[in-house]
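Reader: Could you take me through one small part of this structure, residue by residue? I'd love a close look at a single side chain and its surroundings.

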Amino acid sequence: LTAFTQNTLATRIKQPRAASVQIANADAQAQKVVDAAGVNGSKHTSLIAVSNDTVARDVMISRTNGGTSYPIGTVSVPAGAGYSSTVPSVNLLALIGLPIDSDGNSYILLIFGDTLTVSSLVTVTSGKLITVNAMSIGDF
């Protein structure tokens, strides 16, 4: 390869992964880690929430680094989301302002040291859960 082509090659995903976390009553409004960035960074293109709570909850998505949380946005998760055919699961990446890749997907990039966190703004009902699934994580 020439020097020119070596410098213009696209960085591609090298390792696909998935991760999940559950928000329970005992977590209150604490941030829960969905995923930590890989050594060379990570691209998250799918973040899906389901809930068996009987009340809708607002879920905040944040990027955390060095103990500091940087909120990205908040999405409402309806009661029973993903638990019936009438209330679908929720795409947490349907936030205005996220970048869009060449496949038309919103995504979040994390650099080494970042964690992707979620929290419920109001405590989840006792005995109920909000589950967040990162179904498409790619490490560079």
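Author: Happy to! Let's start with a polar contact: a polar atom in the side chain of Ser-42 sits 2.9 Å from the backbone nitrogen of Gly-38. Keep in mind as we go that this model is predicted.

Ser-42 itself belongs to strand S3, which covers residues 42-51. Its relative accessibility is 0%, so Ser-42 counts as buried, the cut-off being under 20%. Who surrounds this serine? Setting aside residues within four places in sequence, Ser-42 is in contact with Arg-17, Ala-36, Ala-37, Ile-108, Leu-109, Leu-110, Ile-137, Gly-138, Asp-139 and Phe-140.

From that list, let's pick out Leu-110. Along the sequence, Leu-110 and Ser-42 are 68 residues apart, yet their C-alpha atoms are 5.2 Å apart in space. Leu-110 is part of strand S7, residues 108-110. Leu-110 has a relative accessible area of 2% and is therefore buried too. Beyond residues up to four places away in sequence, Leu-110 touches Asp-35, Ala-37, Gly-41, Ser-42, His-44, Arg-63, Thr-115 and Leu-116. Ala-37, then, is a contact of Ser-42 and also of Leu-110.

For a change of scene, have a look at Ala-28, in the loop that links strand S1 (15-24) and strand S2 (32-36). Ala-28 has a relative accessible area of 28%, so this alanine is partly exposed. The backbone is worth a glance here as well: phi of Ala-28 is near 50°, a positive value in a residue that is not glycine.

Terms used. Residues numbered from 1 in each chain as written. Predicted model: local features only at pLDDT ≥ 70, side-chain atom pairs only at ≥ 80, totals over all residues. Heavy atoms only, no water. Helix = DSSP H or I, 4+ residues; strand = E, 2+ residues; numbered from the N terminus. Buried < 20%, exposed > 50% of the residue type's maximum accessible area, 1.4 Å probe, protein only. Contact = heavy atoms within 4.5 Å. Polar contact = N/O pair within 3.5 Å; in protein donor to acceptor, adjacent residues only side chain to side chain.
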